[in-house]
Amino acid sequence: MQKTRHTTNQLSTTCCYCGVGCGVLLNKEKNGSVSLEGDKDHPVNKGALCSKGMNLHHTVNDKTDRLLYPQMRYNKNMPMQRVSWDEALDRTAAVFKTFIEKYGPDSVAFYASGQCLTEEYYVVNKLIKGFIGSNNIDTNSRLCMSSAVAAYKLALGEDSVPLCYDDIELADCFYVTGANPAWCHPILWRRVEAHKAANSHVKIIVVDPRVTDTCSVADLHLQLNPGTDITLNHAIGRVLIENGDIDLDFITNHAEGFEAYSKLVFERTITESALICGVSEADIRLAAQYIAEAKGYIAMWTMGLNQSAIGVNKNLSLINLNLITGHIGKPGSGPMSLTGQPNAMGGREVGGLSNLLPAHRDLGNAQHREEVEKFWGGTTINPNPGLSATEMFEALNDGRLKAIWIMCTNPLTSMPNVRLVEEALKKARFVVVQEITNKSESLAFADVILPAAARAEKEGTMTNSERRISYLNKVLDAPGEALRDAEIICRFAKKWAIKDSTLKILPLFMPSMFA
C-alpha cells in the first residue's frame, strides 16, 4: 500500500479524476480552504500533475452546490422535505424489505461507481450479495472496464493487470490502441515520452482512426478503419508466426490454445487484412517487426477497445500478441489496460460488479461462493449473475426491478441510452440517490436523497491501473449532515437488522477488505 508523508496542515490523498492514481498533497489554509501540490514522494507521478489534478482544490473548496441534509417525499406528487437520517433510512429499509418480501431479493438493486473508495465498494457488495441475497449490484465501471475484466479472466485466469508503471522504463516497444493517453492519461504518457526521449531505440506504435496528440511521438501510426481492430491484431499475429518471432518455450510451458489461434489468424492473408483495415501491408509487417525486436513489449488500451459489442474479443486479440511472444510475466512486458476511473480496479478486487465476488473469486464457482458465505456469515449467495448496469435500467423500465439505490454516480449523464434511463427512473417504484451535489439530474426522480461526504472528507483506499493501493487521508469535515458513503450503507444495514434478525448488523467501520 502506498501511504505517503503528511504533516499537521498537509495531508496526502489521491487524485480522483482518472485511473493513473497520482499522489496529491492538500494543504489546509488558515481561512479553511485548501491548496494543493503534487506529492513528490508518490511513485506514480513524483510530484507531477495534469491540468485536472492541478485544479482539484477548486472542487474541494467549492461547497455552494452541496447536499447538506437527508430529504424525502412520501409519494411522487409531493415535494421533497428535510428529514433526519433515522427517518430517511427507516423508510428506505421498510420499502426495500416490503419489495423483497413480495417480489424477491432481485426486485432491488444498487448502482454504484468507480469513484467509490474500496471500503465503500466492499460494504455495499457485502450487504446485497451476502445478506439481501441478490447480485444486483453494478457500477459505471461496467461501461468502461467489463470487456477488460472478461478478457483478463479468459486469457490469464484472473482479472489482474500483470505489470506495473515501472515497467514503462524497461520496455522498448509500446503498442497503443483504442486510447489517446496523451489527453486521457497524461501523467502516465509523460513517462512514456520521457523514456523514449532518453532512449532513441524505443518504438511506439499507435493504432487509431484519428490523428491524436499521442500520434505525435509515434514511430508508426496505423490509421485503421473503425471496427477492424481484431483483423489488424490477427494480421500482426500471423506475421509474427510466419517469421518465427514467437516464444515457443513460453507457449509450450505456459499457454494453451495456440493451434486454434494459429488456425484463426491464418484464415486471411496479410494482403486481405490490409485492405479490410485500410492500412498498408508494409506497415502491418513493420509493426510486427518492432514487436519481434523488442526485449520489453507493452500493449496499452482503453475505451476504444472496451466499449464495443465485441470488446472482449478485441481485448483477447491484443493480449494474445503478448502471449505468443512471451512478453508477459517479465520486466518491461505485459498487456496494460488503462483504467478510466480512479478506483474501478479497487472495486473489481472486492467483487463490485454483478458477476464478481471479492478477492477475484468466481461467482459461478460453488466452492468460492461457499468460502465467501462462510466468511460473511449471512445468507446463501445467488449463483446467477445479477443485472448489469444497462440491464438494471431496462428492468426498471419493464417493471422487473422495483427499487434502485444510486450512489456516487449520475446515470443520466453517463449511461449510453439516456432516454431509456429517464423513462426507467420515471417508472421506478422507489429511487434512492446518494450524492454530494444538488446539481445531479438524477435527484429529480429520487424518493430519498442522502447527502454524502466528498473524497477529501473521508479516509480509505483506492487501487489504480497498476493495482497500487493508495491511502487517502481525511482532510476536511463534511458539510452539514453529510456522511461517508460506507457509513450510510452500514447505518442502513443496521436499520435492516433491527427489523430482521436474519440479517446480521454490519460493523460501522471496515478496517480491511475482508472485515
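Trainee: Tyr 111 and Phe 393: buried or exposed?
Mentor: Both Tyr 111 and Phe 393 are buried; that word means under 20% relative accessible area, while exposed means over 50% and partly exposed is in between, using a 1.4 Å probe and protein chains only. Keep in mind that this is a predicted model, where local features need pLDDT of at least 70, side-chain atom pairs count only at pLDDT 80 or more, and totals for chains, interfaces and linings use all residues. Residues are numbered from 1 along each chain as its sequence is written, and side-chain values use heavy atoms, with hydrogens and water left out.

Trainee: Cool. Let's talk rings, then. How many aromatic pairs are there?
Mentor: The count is 10 aromatic pairs. Rings of Phe, Tyr and Trp (its six-membered ring) pair if their centres lie within 6.5 Å; planes under 30 degrees apart are stacked, over 60 edge-to-face, and the rest tilted. Take Phe 96 and Phe 492: their centres are 5.7 Å apart and their planes are at 75 degrees, so this pair is edge-to-face.

Trainee: Where do those two sit?
Mentor: Phe 96 is in helix 3 (residues 85-103) and Phe 492 in helix 20 (residues 485-499), 396 residues apart, so the pair links distant parts of the chain. Helices (H or I, at least four residues) and strands (E, at least two) are DSSP runs, numbered from the N terminus. Phe 96 counts as buried because its relative accessibility is 0%, and Phe 492 is buried with a relative accessible area of 0%.

Trainee: What about Tyr 111 and Phe 393 as a pair?
Mentor: They are edge-to-face too, 5.5 Å centre to centre with 90 degrees between the planes. Tyr 111 is in strand 6 and Phe 393 in helix 17, so the pair ties together parts 282 residues apart in sequence.

Trainee: Which residues do ring pairs link into a cluster?
Mentor: Phe 96, Phe 110, Trp 405, Phe 430 and Phe 492.

Trainee: New topic: in what order do the strands of the sheet run?
Mentor: Seven strands make an open sheet in the order 5-4-17-16-15-6-7, with mixed pairing. Two strands pair if DSSP finds at least two bridges between them. Strand 5 (81-82) and strand 7 (137-139) are the edges, each pairing on one side only.

Trainee: And which strand pairs with strand 5?
Mentor: Strand 4 (residues 71-72) does, in the antiparallel sense over two bridges. There, Met 72 stands opposite Gln 81.
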